Structure formats: C-alpha cells, structure tokens
Amino acid sequence: MYESKAYAAAGPTTSLAPTTIKRREPGGDDVQIEILYCGICHSDLHQVRNEWSAMPTVYPCVPGHEIVGRVTKVGTAVTKFKPGDLAAVGCLVDSDGNCPSCQSGLEQFCPNMTLTYNSPDVHLGGITYGGYSDSIVVKEHFVLSVPTNLNLAGVAPLLCAGITTYSPIRHWGVTKGKKVGVVGLGGLGHMAVKFAHAFGAHVVVFTTSPNKKEDALSLGADEVVVSRNSEEMNKHLASFDFIIDTVSAEHDINAYLQLLRPDGNMTLVGAPDKPHAVSAMSLLFKRRSLSGSLIGGIAETQEMLEFCSKHNITADVEIIPIQKVNEAFDRLARADVKYRFSIDMTSLTQSKTP
C-alpha cells in the first residue's frame with residue numbers, strides 16, 4: 001500500500017476536507033494513474049450528502065468518477081498502457097467478468113460491479129475511494145485510452161455525463177434524418193445536444209428557461225422550445241423519433257411522450273427523487289416506448305472517446321482548484337454552472353494533509 005492525498009467528506013453535513021487515503025500498489029493487471037482532472041458529477045453531491053437511500057454512503061467518502069490522468073506505473077501483465085500514456089477512469093473499476101452482462105460488454109449492468117467510490121474494496125477492505133485524489137490504481141480492463149487531441153479538463157466529464165448521453169443515443173439509432181429532442185440543458189443535456197448534432201440529427205432542445213435559447217443553438221440545437229408554452233409544444237406533436245430526458249427535478253413526462261411519432265422512444269437519464277406518473281394512453285396509441293439508461297460499458301465508453309476525438313467534442317467546463325470544491329457543490333445544488341465543474345487535481349499539492 002501507499003498513501004495518496006485526497007479530499008473526503010467525514011459525514012453527510014460536513015465539508016469536504018484534505019486527508020490521506022491508502023491505495024494498493026499495482027498488481028500484475030493494474031494501472032496506476034496520476035490524476036490530472038476530475039469532473040464533479042451531480043451524483044457526487046447526492047452521495048456525499050447521503051441522499052440516496054438505495055445507495056447509503058459509507059464515510060469517509062472520497063467522491064469522483066470522471067477521472068483523467070497520466071499513467072505512472074503498470075503491472076507485468078498490462079499490454080495496453082505504458083508510463084506516460086494519457087488514461088481515464090469512469091464510474092466502474094471492476095465487475096465479475098462472467099455474467100451475461102459482462103460477456104456482452106455491458107459491465108454497467110453487472111450485479112457484482114464495483115463502483116469507483118463507495119463500493120466494497122476487495123483489495124484493501126473498506127470501500128473504494130474516487131478521483132478527488134492525486135492517484136488511483138485500477139484494473140487494466142477498466143482503464144480507457146484518452147485521445148491526445150482533446151482538452152483534458154473537458155474530457156473528464158465525458159466519463160459520466162458523456163457516456164450517459166452517448167449510450168442511449170447510439171442504442172436507439174440516432175442518425176442523420178432523425179428528429180431528436182433533448183429535455184433540459186444542464187450537465188447532461190448539453191452533452192446530448194453535442195452528440196445528437198454530431199450524429200446528424202435535427203435537434204430540438206426543451207427548456208423552461210427562455211434565456212437558454214442562445215446557448216442551446218450555439219451547442220448545436222436546430223430549434224429551442226420553451227416547454228411551458230403549450231402552443232410551441234403542440235407544434236411538435238407526434239413528430240420525434242427519439243427524446244432524451246436529462247432532468248432530475250420532478251416534471252410531467254407525459255407532455256413529452258405525446259411528442260413521439262409511432263414507435264418513437266423516450267429515454268430517461270435523469271433520476272428525480274419522486275417516481276414519474278405515466279399515462280398508459282401516452283404509450284398505447286402510437287406504440288411509443290419509455291426506457292432508462294445507465295452510463296455505458298467499457299468498450300462503448302472507449303468508442304465514445306474516439307467519436308469525441310473525431311468530432312472534437314468535450315464538455316463545457318469551469319475549471320476549479322480542489323480548495324473550491326465545497327463552493328462548487330453549493331453552486332451545483334443551485335444549477336449555477338455552465339455546464340460542468342472540472343477539478344484541476346494538481347492543486348491538491350497545495351493542500352495541507354494530516
């Protein structure tokens with residue numbers, strides 16, 4: 001084992017503060033990464049504040065699953081990476097490898113997956129610690145190659161916000177000529193717009209904020225609809241092939257289901273606290289479908305990174321030092337960021353650790 005500098009929450013109401021954590025020395029199939037940037041995901045906020053009853057937080061909690069860095073050491077069995085390579089780690093650091101999901105490249109659905117943080121750590125005991133730290137050691141299969149032509153701070157959020165939107169867009173066959181709706185223009189929504197546009201779709205953004213129109217158009221949207229305006233909504237009845245709903249606040253999804261054409265699909269990637277009320281009639285009459293999606297498998301995440309390299313896509317980020325992480329959490333809770341925070345983890349060396 002070795003010591004790594006990190007920022008951790010000691011409890012649901014405490015601020016994140018500097019600490020040291022234990023990391024394992026790389027084994028034969030492990031890759032050690034010096035972390036350069038780590039994105040802040042809304043799930044970090046929920047997890048740190050223990051707001052998910054289905055996933056209770058174990059403290060101390062070191063969040064962070066949008067990790068980009070440089071390889072510093074590799075195990076003897078590692079073949080895809082060498083010291084000095086750019087590398088990334090997303091939401092998963094292990095799975096059983098044997099279940100049908102893993103065999104299909106869908107590790108995100110493995111019943112025995114290990115999350116990057118707040119999961120049982122089979123190597124050291126306790127729980128896994130995430131990317132709000134100066135280094136991490138991960139099994140080679142779960143390490144991703146980072147294209148060298150992309151801005152690293154903007155790459156970090158691709159490991160969660162990026163793949164969360166890319167995966168359903170790919171799964172539901174978004175291509176040139178399709179009409180695609182994006183509900184919400186936040187951290188997830190702005191990535192959905194970029195991807196759908198890059199795939200050649202006609203992209204319509206739905207927002208409750210008229211002042212977001214200019215931003216949506218600049219990101220690649222062809223049209224912007226204020227969802228509270230019934231006249232604007234009615235113009236698009238039964239016309240969409242696919243709608244991706246990125247909103248985590250409570251809202252009426254039936255209004256959007258009515259906009260799907262026959263056999264159209266709406267996929268949820270936001271996770272409101274309260275269950276949605278779904279009208280059967282919204283689905284029955286045009287054989288519409290409603291589904292959900294969770295990040296993506298390792299191969300698909302690598303595919304996404306290569307797609308981003310080809311189309312020069314990264315997240316729009318505000319770069320902060322780790323010392324401002326608590327301020328960033330408060331701002332994130334108020335949706336006061338365009339559109340993701342990316343922590344410059346080299347700032348961690350300026351922190352005093354016990």
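The following exercises, each with a worked solution, concern a predicted model of a protein chain.

**Exercise 1. Classify the ring pairs that tyrosine 166 makes with phenylalanine 195 and with phenylalanine 199, and place each partner in the chain.**

Solution. A pair of aromatic rings is described by the distance of the centres and the angle of the planes. In this model the count of aromatic pairs comes to eight.

Step 1. For tyrosine 166 and phenylalanine 195, the ring centres are 5.3 Å apart and the planes stand at 75°, so this pair is edge-to-face. The cut-off that decides the matter is an angle over 60 degrees.

Step 2. Tyrosine 166 belongs to helix H4 (residues 161–171), whereas phenylalanine 195 belongs to helix H5 (residues 187–198). With their positions 29 residues apart, the pair links distant parts of the chain. Tyrosine 166 and phenylalanine 195 are both buried.

Step 3. For tyrosine 166 and phenylalanine 199, the centres are 5.8 Å apart and the planes are at 40°, so this pair is tilted. Phenylalanine 199 is located in the loop between H5 and strand E11 (202–207), 33 residues from tyrosine 166. Phenylalanine 199 is buried, as is tyrosine 166.

Step 4. Tyr166, Phe195 and Phe199 are members of one aromatic cluster, which Phe307 also helps to form.

**Exercise 2. Determine how the axes of H4 and H5 are oriented relative to each other.**

Solution. Two packed helices are described by the angle between their axes and the distance between the axes.

Step 1. The axes of H4 and H5 come within 8 Å, and their crossing angle is roughly 45°.

Step 2. Angles under 35 degrees count as roughly parallel, and 65 to 115 as roughly perpendicular. H4 and H5 are therefore oblique to each other.

Step 3. The handedness completes the description: H4 and H5 cross in the right-handed sense.

**Exercise 3. Describe the open sheet of six strands and identify the strands at its edges.**

Solution. Strands of a sheet pair through backbone hydrogen bonds, either parallel or antiparallel.

Step 1. The strand order is E12-E11-E10-E13-E14-E15, and the pairing is parallel.

Step 2. Strand E12 (223–226) and strand E15 (289–292) each have a single partner strand, so one side of each lacks a neighbour in the sheet, and these two strands stand at the edges. From one strand to the next, the twist averages 20°.

Step 3. Within the sheet, strand E10 (residues 179–183) is joined to E11 by five bridges in the parallel sense. Valine 182 has valine 205 of E11 as its bridge partner, and lysine 179 stands opposite histidine 202 in E11.

Step 4. Of the six residues of E11, five are buried, so this strand is largely enclosed by the rest of the structure.

Step 5. Lysine 179 has a further contact: its charged end sits over the ring of phenylalanine 240, at 4.5 Å from the ring centre.

**Exercise 4. Decide whether threonine 165 and glutamine 103 are buried or exposed, and examine one C-alpha distance for each.**

Solution.

Step 1. Threonine 165 lies in helix H4. Its relative accessibility is 0%, so threonine 165 counts as buried.

Step 2. Along the sequence, threonine 165 and leucine 268 are 103 residues apart, yet their C-alpha atoms are separated by 9.8 Å in space.

Step 3. Glutamine 103 is placed in helix H2 (residues 100–103). Its relative accessibility is 58%, so glutamine 103 counts as exposed.

Step 4. Glutamine 103 and valine 138 are 35 residues apart along the chain, and 20 Å separates their C-alpha atoms.

**Exercise 5. Locate two cis peptide bonds and two residues other than glycine with positive phi.**

Solution.

Step 1. The bond from tyrosine 59 to proline 60 is cis, with omega near 0°. Proline 60 is in the loop between helix H1 (42–48) and strand E4 (67–74).

Step 2. Lysine 338 and tyrosine 339 are also joined by a cis peptide bond, with omega about -10°. Tyrosine 339 is in the loop between helix H11 (325–333) and strand E17 (340–344).

Step 3. Aspartate 263 has phi near 65° and lies in strand E14 (residues 260–268). At 46% relative accessibility, aspartate 263 counts as partly exposed.

Step 4. Alanine 335 has phi near 60° and lies in the loop between H11 and E17. At 65% relative accessibility, alanine 335 counts as exposed.

Technical notes:
Residues numbered from 1 in each chain as written. Predicted model: local features only at pLDDT ≥ 70, side-chain atom pairs only at ≥ 80, totals over all residues. Heavy atoms only, no water. Phe/Tyr/Trp six-rings, centres within 6.5 Å; stacked < 30°, edge-to-face > 60°. Helix = DSSP H or I, 4+ residues; strand = E, 2+ residues; numbered from the N terminus. Buried < 20%, exposed > 50% of the residue type's maximum accessible area, 1.4 Å probe, protein only. Lys NZ or Arg CZ within 6 Å of the ring centre and 35° of its normal. Pairing = 2+ DSSP bridges. Axes fitted to C-alpha atoms, helices over the stretch in contact; angles between N-to-C directions. Parallel < 35°, antiparallel > 145°, perpendicular 65-115°, else oblique. Left-handed = near helix turned anticlockwise from the far one by under 90°.
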